[in-house]
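Me: I would like to learn how to read a protein model step by step. Could you give me the general idea of each feature and then show me the case here?

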Amino acid sequence: MGSRVVLLLWAGPGRRLNPGREDRVGPRPEDPGSTHVSPRQIPSRLPSLTGLRFVAALLVFTAHVLWFTRLVPDEIGTALKLTFSLAGPYGVGFFFVLSGFVLTWTARPDDTARSFWRRRLVKIGPTHLVTFALAALLVTSMSRPTSMVDWLASLTLQQAWFPSLQTSMAVNEVSWSLSCEFFFYLTFPALLPTLRRLPTKWLWPAAAALILLIAGAFLVARFLVPDQPRLTLFSMTAPVSFSQVWFVYFFPPVRALEFVLGILLARIVTAGMWPRIGLLPAFAVAAVGYLLALCEPYLAGRGGLASVCTAPLIAAAAVADRHGTPSVFRRPTMVFLGEISFAFYMVHLTVIMTAAHIIGPTRTFSLATGVFLVLVLFAVALGCSLILYRYVETPLMRRFGQHRPATSPGAGCEHRPS
């Protein structure tokens, strides 16, 4: 389905990803409150955003280990389960906005759609296949009902298009987000040139309109999508139907709104239109946004409306790296953890579910023992992700994931961050 959309939007794989006007002109006069810097001064790497990736992945791990195990017992476990019930969706929403931001920030004027798709496929494909195989072993050993459609949809990263609980979360459950990312990648070569033609003065109004569309998706799910049968699988306090959850949480075109918000956010930052908001206040906005998500209607907190609160943190981290201001997320340890965060995200749930299968669904422990076992699972997931990063992701990216510039005349005459 995603490929049909691309065929309608994209003229051909050889077309270049062309930068907008604000990146082709020379330096503009700066006012005291502006964050604008000449394009030649824009750093190509954003280490603070790399470090933040691991924070988001850790949120997802915390939600899953509390939700799928009973390692933390009694009232404390229940309280933590409620507190972190939306941590996973919040982290995934952060990834979707961040994806659009980073891909726009690093877009090259001499790039082509075919080259871009190849690099993205090399980035996510091998790790997906390895973690799919590991999860398949677990699914087989547990005799979990899985149809041929479930296997094929999960293997080809098309599962998020199916409004079925069993299919959308088949095999390696977390890979549904890659199904959305796969759709984002297919449409990005068409989205970027289109959005770069948007005049600078319309960037903020466009971002506001996009936020309204995200809110509109929640309203559609809340009032127009059937709310029966209701499930307690996703929410302990506000049962909703899977059709509602699927529309606002899994459906790729709806989640693409956050991806597009990231694209616009990158343009706002590079155009010098982002206000000077420090990293600490932006982090506070994201934290308060999560607390608000817990108080909002469940579908609003789980969907993209909550992700909007992570946008200031992404922009502030990029500005901090741009100006070299202090950032705890730029420290080498955080950057390294951020680099392995994709592998960590892809393997952590299989580690958790394997432990839950071995321990048993009803067995409980003391608080000290439970916390210790959670730390053990974290260490095992971290070790597995390190192996995947070092022996699967990194070698293949070095071999097949390098940028190959277009050979057309003048392809390299316009500067963009590498």
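Reply: Let us begin with burial: a residue is called buried when its relative accessible area is under 20%, exposed when it is over 50%, and partly exposed in between, using a 1.4 Å probe and protein chains only. Helices (H or I, at least four residues) and strands (E, at least two) are DSSP runs, numbered from the N terminus. In helix α18, the buried residues are Gly370, Val374, Leu377, Ala381, Ser385, Leu388, Tyr389, Val392, Glu393 and Thr394. The model is a predicted one, in which local features need pLDDT of at least 70 and side-chain atom pairs count only at pLDDT 80 or more, while totals for chains, interfaces and linings use all residues. Residues are numbered from 1 along each chain as its sequence is written, and side-chain values use heavy atoms, with hydrogens and water left out.

Me: How should I think about the spacing of residues along a helix, and what covers the buried residues of α18?

Reply: An α-helix has 3.6 residues a turn, so residues three or four places apart point the same way. The cover over the buried residues of α18 includes α2 (47–68), α5, α16 (332–339) and α17 (341–359), where contact means heavy atoms within 4.5 Å.

Me: How do I judge the span of a helix, and where is the kink in α18 centred?

Reply: The expected span is 1.5 Å times one less than the number of residues, and a bend at a residue is the angle between axes fitted to the seven residues ending there and the seven starting there. Helix α18 (residues 367–400) has 34 residues and reaches 47 Å from its first C-alpha to its last, close to the 50 Å expected. A kink of about 40 degrees in α18 is centred on Tyr389.

Me: What do the span, the bend and the burial look like in α17?

Reply: The end C-alpha atoms of α17 are 26 Å apart, which agrees with the 27 Å that its 19 residues should span. There is a bend of about 35 degrees at Val347 in α17, and this helix is mostly covered, with 15 of its 19 residues buried. Just after α17 comes Gly360, whose phi is positive, at about 110 degrees.

Me: How can I see that residues far apart in sequence meet in space, and which residues does Phe61 contact?

Reply: One can compare the separation along the chain with the distance between C-alpha atoms. Phe61 lies in helix α2, and with a relative accessible area of 3% it is buried. Phe61 and Phe378 are 317 residues apart in sequence, yet their C-alpha atoms are 8.1 Å apart in space. Leaving aside neighbours within four places in sequence, Phe61 is in contact with Phe344, His348, Ile352, Val374, Leu377 and Phe378.

Me: Where is Thr127, and is this residue buried or exposed?

Reply: Thr127 belongs to helix α5, and at 0% relative accessibility it counts as buried. The C-alpha atoms of Thr127 and Met346 are separated by 7.6 Å, although these residues are 219 residues apart along the chain. Once neighbours within four places in sequence are left aside, the contacts of Thr127 are Phe342, Ala343, Met346, Leu388, Val392 and Glu393.

Me: What is a nonpolar core, and how many residues has the largest one?

Reply: In soluble globular proteins, nonpolar side chains tend to be buried together. A nonpolar core is a set of buried Ala, Val, Leu, Ile, Met, Phe, Trp, Tyr and Cys residues joined through side-chain atoms within 4.5 Å. The largest core here has 110 residues, and those with the most contacts inside it are Leu49, Phe101, Phe247, Phe250, Leu299 and Ile314. Helix α11 (residues 252–270) gives the largest share of this core, twelve residues. A second, separate core of five residues includes Phe132, Ala135, Ala136 and Ala170.

Me: Which backbone details in the loops should I look up?

Reply: Phi and omega are backbone angles to check residue by residue. Leu157, in the loop between α6 (148–155) and α7 (165–168), has a phi near 60 degrees, a positive value in a residue other than glycine, and at 6% relative accessibility Leu157 counts as buried. A cis peptide bond joins Gln228 and Pro229, with omega about -10 degrees, and Pro229 sits in the loop between α9 (203–223) and β1 (230–231).
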